[in-house]
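Q: How should I read the features of a model like this one? Please take me through them one at a time.

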Amino acid sequence: MADKSGKLIIFSAPSGAGKTTLVRHLLAQEGLDLAFSISATSRAPRGEEVNGKDYYFLSDADFSKRVLKGDFIEWEEVYAGTKYGTLRSEVERIWQEGKAVIFDIDVVGGLNLKSLYGDKALAIFVMPPSEDELARRLRGRNTDSEDKIRQRLAKARKEIGRSDRFDHILINRDLDLAKKEAESLLKVFLGK
Ligand code: 5GP
């Protein structure tokens, strides 16, 4: 049987900082033996999203039932009316495969996981180079209204205020450099 890894890599960041791109890059590095923790959410799929790949999409009622059953390690209402959570079964499945679990999770959820798992977890905060640059990236996506962008920037300010509670702050000024830095951090943590 494969060794149980028991390790977790947590990536949190304000929306637009580039964490999803970094997590995808790390997952593509075979030597790191990582697997993505697929979260459950009560929101509907967007665009090309696939159930069981991007998220487990649950109805609000099913999400609440699973909360009561104790199926989640952590869960949160990240946006008003929309819940997201990490399933215990997901993390256990990945550890059984001998892999480390990697999370793309919001700042509060990331810090909750870090306090639950301590030294077994490496918590990385992806920092945008500046607020102006973050605003530019959010506007460049062309997916949100100006009002939504302002809300995301206000949330980002709060999240940046919590960044010192992470094990590492990775400044994403240049994406290629940020990818290399993330790889090095993980290699050291995972002993690869
Ligand atoms: P989106 O709806 O854009 O996919 O994600 C919204 C936010 O929810 C992101 O910040 C994402 O990192 C966060 N998120 C995704 N999965 C989880 C989870 O399992 N738990 C928590 N606390 N946040 C999550």
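The dialogue below goes from the whole chain to single helices and residues.

Q: What kind of model is this, and how many helices and strands does the protein have?
A: This is a predicted model. The secondary structure comes to seven helices and nine strands.

Q: How do I judge the overall build from the radius of gyration?
A: Set the value against the one for a compact globule with that number of residues. For 192 residues, such a globule would have a radius of gyration near 16 Å. The protein has 16 Å, so the two agree. Along the principal axes, its C-alpha atoms fill a box of roughly 50 × 40 × 30 Å.

Q: What percentage of the residues is buried, and what does the surface come to?
A: Buried means under 20% relative accessible area. By that cut-off, 45% of the 192 residues are buried. The accessible surface of the protein comes to about 10400 Å². Carbon and sulfur atoms hold 49% of that area.

Q: How do I read contacts against sequence separation?
A: Take the contacts with a separation of 6 or more. In this protein, 66% of them join residues 24 or more positions apart.

Q: How many charged side chains are there, and how far apart are the centres of the two sets?
A: The protein has 33 positive and 31 negative side chains. The centres of the two sets lie 1 Å apart.

Q: Which residues of helix α1 are buried, and where do they sit around the axis?
A: Look for the buried residues, then for the arc they cover. Helix α1 spans residues 19-27, and its buried residues are K19, L22, V23, H25 and L26. They cover an arc of only 160 degrees around the axis, which puts them on the same side of α1.

Q: What covers the buried residues of α1?
A: The cover includes strands β1 (8-12), β2 (34-36), β7 (100-104) and β8 (121-127). Helix α7 is also among the covering elements.

Q: How does the same reading go for helix α3?
A: In α3, residues 88-96, the buried residues are E90, V91, I94 and W95. Seen down the helix axis, they fall within an arc of 130 degrees, so they line one face of α3.

Q: What about R93 and E92, which are also in α3?
A: R93 is partly exposed, with a relative accessible area of 37%. E92 is partly exposed too, with 45%. Now compare sequence and space. R93 and A35 are 58 residues apart along the chain, and their C-alpha atoms are separated by 9.8 Å. E92 and G140 are 48 residues apart along the chain, with 38 Å between their C-alpha atoms.

Q: What should I look for in phi angles?
A: Most residues other than glycine have a negative phi. D33 is not a glycine, yet it has a positive phi of about 50 degrees. D33 lies in the loop between α1 and β2. Its relative accessible area is 32%, so D33 is partly exposed. Glycine supplies another case: just after α3, G98 takes a positive phi of about 80 degrees.

Q: Where does D176 lie, and is it buried or exposed?
A: D176 lies in helix α7, residues 175-190. Exposed means over 50% relative accessible area. D176 has 55% relative accessibility, so it counts as exposed.

Q: How far is D176 from D164 in sequence and in space?
A: The two are 12 residues apart in sequence. From C-alpha to C-alpha, D176 and D164 are 24 Å apart in space.

Definitions and conventions
Residues are numbered from 1 along each chain as its sequence is written. This is a predicted model: local features need pLDDT of at least 70, side-chain atom pairs count only at pLDDT 80 or more; totals for chains, interfaces and linings use all residues. Side-chain values use heavy atoms; hydrogens and water are left out. Helices (H or I, at least four residues) and strands (E, at least two) are DSSP runs, numbered from the N terminus. The radius of gyration is taken over C-alpha atoms; the globule rule is 2.2 Å times the number of residues to the power 0.38. Buried means under 20% relative accessible area, exposed over 50%, partly exposed in between (1.4 Å probe, protein chains only). Contact means heavy atoms within 4.5 Å. Accessible areas come from the Shrake-Rupley method with a 1.4 Å probe; for residues, only the protein chains shown count as cover. Lys and Arg count as positive and Asp and Glu as negative; His and the chain ends are not counted. The place of a charge is taken as NZ of Lys, CZ of Arg, CG of Asp or CD of Glu. The arc is that of the directions from the helix axis to the C-beta atoms.
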